Amino acid sequence: MSDERVTPDAAPPPHPSPWNGEGGGSAQANAEETPFYRIVADFAASRIALVGLVIFAVILAAALFAPLLSPQNPYDLAQLDVMDSRLAPGAQSADGKFTFWLGTDDQGRDMLSAIFYGLRISIGVGVASTLCALAIGTTLGLLAAFFGGRVDSLIMRVADIQLSFPAILIALILLAVLGQGVDKIIVALVAVQWAYYARTVRGSALVERRKEYMDAAACLALPTRRIVFRHLLPNCLPPLIVVATVQVAAAITLEATLSFLGLGLPITEPSLGLLISNGFTYLLSGKYWISFFPGIALLVTIVSINLVGDQLRDVLNPRLQR
Amino acid sequence: MLVYLIRRATQSVVVLLVMSALVFVGVYAIGNPVDILINPNADQADIERAIKGLGLDKPLWEQYLVFLKQALLGDLGKSFVFNVPALQLILERMPATLELAVTAMLIAIVFGIPLGLWAGLKPDSIAGQTIMTVSILGFSLPTFWVGLMLIMVFSVDLGWLPSSGRGPTQELLGVPVSFLSWDGIKHLIMPATNLALFNLALVIRLTRAGTREALVQDYVKFARAKGLSDARVIGVHVLKNISIPIVTVTGLQFGTLIAFAIVTETIFAWPGMGKLLIDSIHVLDRPVIVAYLLIIVTFFIVINLLVDLAYSLLDPRVRLADAKA
Amino acid sequence: MTEATLRVDNLRTHFFTRHGVVKAVDGVGFEVHAGRVLGLVGESGSGKSVTGFSILGLVDPPGRIVAGSILLQGRDLRTLAPAEWRTIRGNRIAMIFQDPMMTLNPVLRIDTQMIEAVRAHDPVSVQTARARARDALGRVGIPSPDERLAAYPHQFSGGMRQRVAIAIALLNKPDLIIADEPTTALDVTIQAQILAEAQKLCRESGTALIWITHDLAVIAGLADEVCVMYAGRIVERGTVDEVLDAPMHPYTRGLLESVPSRNRRGVPLAQIPGMTPSLVNLPPGCAFRERCSRATETCLTDPPLYFLDGRHVRCFHPIHVEDEAEASK
């Protein structure tokens with residue numbers, strides 16, 4: 001189709017999307033502009049994505065520095081006073097030392113502190129499982145693309161079968177068999193996620209493999225490992241980054257759901273999901289804060305990650321480049 | 001066409017066999033088979049007798065064959081807790097889950113397609129942007145939290161809807177359904193809406209993307225050049241084209257709906273298969289878990305097959321290609 | 001002289017993009033009479049397709065018609081309301097697009113797409129509409145039309161599909177047909193057939209035809225009048241014989257000379273040096289200036305459309321006029 005039909009010699013009209021606040025334009029083409037700079041500039045074009053990034057950074061900081069930020073260590077039994085239990089937000093502790101800004105749960109734990117520690121565990125498990133799944137899935141996907149043939153068929157067949165079942169089901173069954181514990185839930189989450197990375201990487205790798213720099217590397221008789229990891233992998237990164245970002249949110253959500261169902265982490269290491277689950281019974285009697293605030297914390301975390309991931313997807317998508 | 005059907009059916013049977021083998025391996029080889037099939041509270045003599053009776057002292061492949069034979073006859077073990085065949089338990093609960101899942105699917109389609117069309121036709125309008133933002137929320141919000149909030153608002157604060165359970169049921173074509181009574185509907189609304197949210201967001205996004213893609217296609221311009229009304233251009237030309245991916249994706253999502261129903265049923269104490277599964281996991285009623293797994297796998301395979309069929313019916317290009325093949 | 005079927009005056013269609021205003025069509029005017037064929041020639045980016053769409057009111061945002069008049073038998077189309085536009089499109093003016101695979105909806109049958117074109121303008125029964133569709137297919141030379149009607153677009157070859165598109169254009173007996181590069185995607189042999197059909201149909205039914213193309217050979221065989229477009233403007237306009245035998249505008253001459261068949265073997269192919277200018281950043285003055293061997297200081301101002309020897313030419317130094325003047329010195 002001749003392109004003079006629409007806008008001859010000019011760029012296509014701005015891509016309308018809710019994340020393209022002012023239909024942002026990237027900086028003028030500059031010879032010294034590195035791809036990284038361009039990606040950052042394109043990303044920053046969306047105000048909403050920037051807001052998401054900032055929010056997530058704040059949450060991450062809160063999670064990392066939980067012990068420093070929490071007024072109370074909610075898992076130190078010595079600090080708890082059952083007289084303080086089920087207090088509404090803003091109430092004072094029985095000994096009058098501090099205020100429970102977000103109320104307390106049935107054991108007298110300060111919700112604010114519990115949320116900080118819970119964030120730590122939720123994000124920790126989410127990120128850890130994503131990184132593991134990323135490593136395993138990427139390796140398998142690269143191997144499948146690089147060696148082709150039977151290896152490819154086998155790995156992809158397994159991945160496809162797994163992807164045709166919902167993650168929650170697989171995770172549930174795995175946990176039913178394996179039992180409770182942080183390591184077990186990470187195993188379950190990794191088992192559920194690796195296939196996405198494998199499929200994504202295999203797709204890009206198959207395309208990249210036909211490009212000339214791969215032939216050049218082969219001609220130099222470089223060891224296979226080097227070719228795969230130093231030459232092939234960096235070029236397959238953009239879609240991987242997008243998938244990984246979005247998957248962190250998905251992993252956190254899945255872990256929260258599993259914990260809510262009582263199958264994930266044990267009570268000694270409560271993530272946000274478990275906190276919400278604890279508060280469920282009190283919801284009906286109007287003591288909403290025990291479930292509500294951890295829920296909000298979970299929500300804000302997931303939404304901010306998704307905002308960042310959405311914009312990354314638009315920015316790193318070669319088909320939307322001008 | 002018939003060749004295609006037969007080929008797909010054969011493939012499905014193969015996948016089913018493979019999955020049954022995997023379940024078998026999971027139950028018999030990885031976990032302790034004694035724990036999984038025999039009530040751990042039985043005394044030693046009973047356990048010995050049960051082991052012999054279940055053939056656990058025989059070689060693995062022989063056990064698998066026995067397992068298969070029993071499965072085909074409909075015997076998937078007996079629940080420890082209820083002491084009835086596991087399969088029967090699940091079948092009793094299935095109508096409730098199906099009712100929930102089908103209602104959720106209908107909500108997603110009936111509201112999702114028009115909203116998605118609107119967002120696709122007027123992407124820069126306030127309505128369009130709002131719809132997209134809400135759909136992002138629908139994706140991101142964890143289902144269980146939304147369920148809790150729904151209960152909080154509509155049951156506790158407003159008192160309009162009951163917070164748990166299923167309404168009274170009546171027989172419809174031999175299947176107990178609850179949507180025929182007003183009380184039943186009141187019980188059905190919240191859980192079905194909760195379950196529908198994720199899919200609703202998905203349908204909205206799909207429809208919007210499809211509409212935007214379709215609108216810049218030449219055939220839309222050509223249809224306008226013929227002087228057709230906007231209603232016909234969108235309602236016939238665009239809709240027929242975008243319905244193909246929407247139908248396929250929503251069809252495939254039905255299986256996921258049934259899986260997610262596990263969470264919704266737990267929150268709203270809806271007496272379906274999902275709740276049964278969670279309860280069984282908590283009390284370690286493993287025969288039920290095994291039975292559930294096999295049934296779900298069968299479900300998925302059947303759904304995949306039906307979606308493939310539907311796809312070839314809807315897209316004339318695929319239909320004819322297969323006929324030639 | 002009878003009134004022209006279509007008269008376009010000073011048409012300007014601009015696209016308001018993020019990078020600036022693209023003046024895709026900038027002051028285009030011409031006339032087409034009943035039963036006559038007007039060729040609109042130019043390279044990609046010359047604005048010829050946008051002109052076609054502007055006439056039908058099908059310019060997509062961010063573009064719109066900013067000035068000019070489009071008179072269909074005396075009636076200015078720019079004053080029409082959307083509902084009135086729908087009575088014109090497909091009815092009084094029909095359009096044939098370039099790629100029939102993309103213009104026919106792949107999931108709808110041929111008869112559906114033809115019947116709806118009839119019933120959108122004439123509330124007849126489905127059977128009557130179907131009969132008309134069958135006749136139209138017969139007229140464009142498609143065998144066994146009944147079978148073809150029940151088929152889907154992808155079951156046809158490229159040439160057949162384009163014939164279907166022509167049949168659709170003819171369904172409601174329009175006064176004007178705009179054909180936008182309809183044969184570009186086809187084999188040369190099929191192209192010749194389609195051209196012959198089109199010419200015959202126009203003569204027989206008295207329909208005016210605007211044929212948009214970049215291929216001068218097509219124009220030579222088909223058109224009565226020709227407009228040469230460059231960078232959104234008409235640079236030369238006249239009868240086909242005159243313009244092609246003795247081009248006045250340097251661009252037209254360049255186009256003619258770069259047709260390979262005009263060259264002798266062994267001699268390098270003639271080219272027009274340089275590239276079409278970006279329509280966002282048009283140089284001041286004549287748009288062809290930077291590629292023209294005849295350009296002078298005068299060319300830094302916009303040349304108006306002169307009327308010379310029965311032709312219109314937008315040039316300060318048109319070819320034959322000056323050369324004859326030279327020769328007669």
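Two strands pair if DSSP finds at least two bridges between them. That rule underlies the strand views below, all drawn from a predicted model.

**View 1. Strands E1 and E4 of chain C lie antiparallel.** E1(C) covers residues 6-17. E4(C) covers residues 63-72. Eight bridges link these two strands. One position to find is C:Thr13, which faces C:Ile65 in E4(C).

**View 2. Strands E4 and E5 of chain C form a hairpin.** E5(C) spans residues 75-76. Two bridges connect E4(C) with E5(C), and the strands run antiparallel. C:Leu72 has C:Arg75 of E5(C) as its bridge partner. Two residues sit between the strands of this hairpin. Look at the backbone of C:Gln73: its phi is positive, near 50°.

**View 3. Chain C meets chain B.** On the chain C side, 24 residues are in contact with chain B. On the chain B side, 18 residues take part. Three helices of chain C each give two or more residues to the side that touches chain B. They are H2 (82-88), H3 (100-103) and H4 (110-119). By residue class, this side of chain C has 13 nonpolar, seven polar and four charged residues.

**View 4. Helices H9 and H10 of chain B pack against each other.** H9(B) runs through residues 218-225, and H10(B) through residues 230-267. Their axes lie 11 Å apart, at an angle of about 145°. The crossing of H9(B) past H10(B) is right-handed. H9(B) brings B:Tyr219, B:Val220, B:Ala223 and B:Arg224 to the contact. H10(B) brings B:Val233, B:His237 and B:Val238. Five residues of this contact are nonpolar, one is polar and one is charged.

**View 5. Chain B is built from 13 helices and two strands.** The chain has 325 residues, and 40% of them are buried. Take the contacts in chain B between residues at least 6 apart in sequence. Of these, 70% join residues at least 24 apart.

**View 6. Chain A has 11 helices and two strands.** Start at the N terminus and follow the chain: three helices, then two strands, then the other helices, in the order α-α-α-β-β-α-α-α-α-α-α-α-α. Of the 322 residues in chain A, 44% are buried. Among contacts in chain A with a separation of 6 or more, 69% are between residues 24 or more positions apart.

Conventions:
Residues are numbered from 1 along each chain as its sequence is written. Chains are lettered from A and ligands numbered from 1 in the order in which they are written. This is a predicted model: local features need pLDDT of at least 70, side-chain atom pairs count only at pLDDT 80 or more; totals for chains, interfaces and linings use all residues. Helices (H or I, at least four residues) and strands (E, at least two) are DSSP runs, numbered from the N terminus. A residue is buried if 20 or more other C-beta atoms lie within 10 Å of its own, exposed if 12 or fewer, and partly exposed in between; C-beta atoms are placed from the backbone. Two residues are in contact if their C-beta atoms, placed from the backbone, lie within 7 Å. Ala, Val, Leu, Ile, Met, Phe, Trp, Tyr, Cys and Pro count as nonpolar, Asp, Glu, Lys and Arg as charged, and the others, Gly among them, as polar. Axes are lines fitted to C-alpha atoms, for helices over the stretch in contact, and angles run from 0 to 180 degrees between N-to-C directions. A crossing is left-handed if the near helix is turned anticlockwise from the far one by less than a right angle, and right-handed if clockwise.
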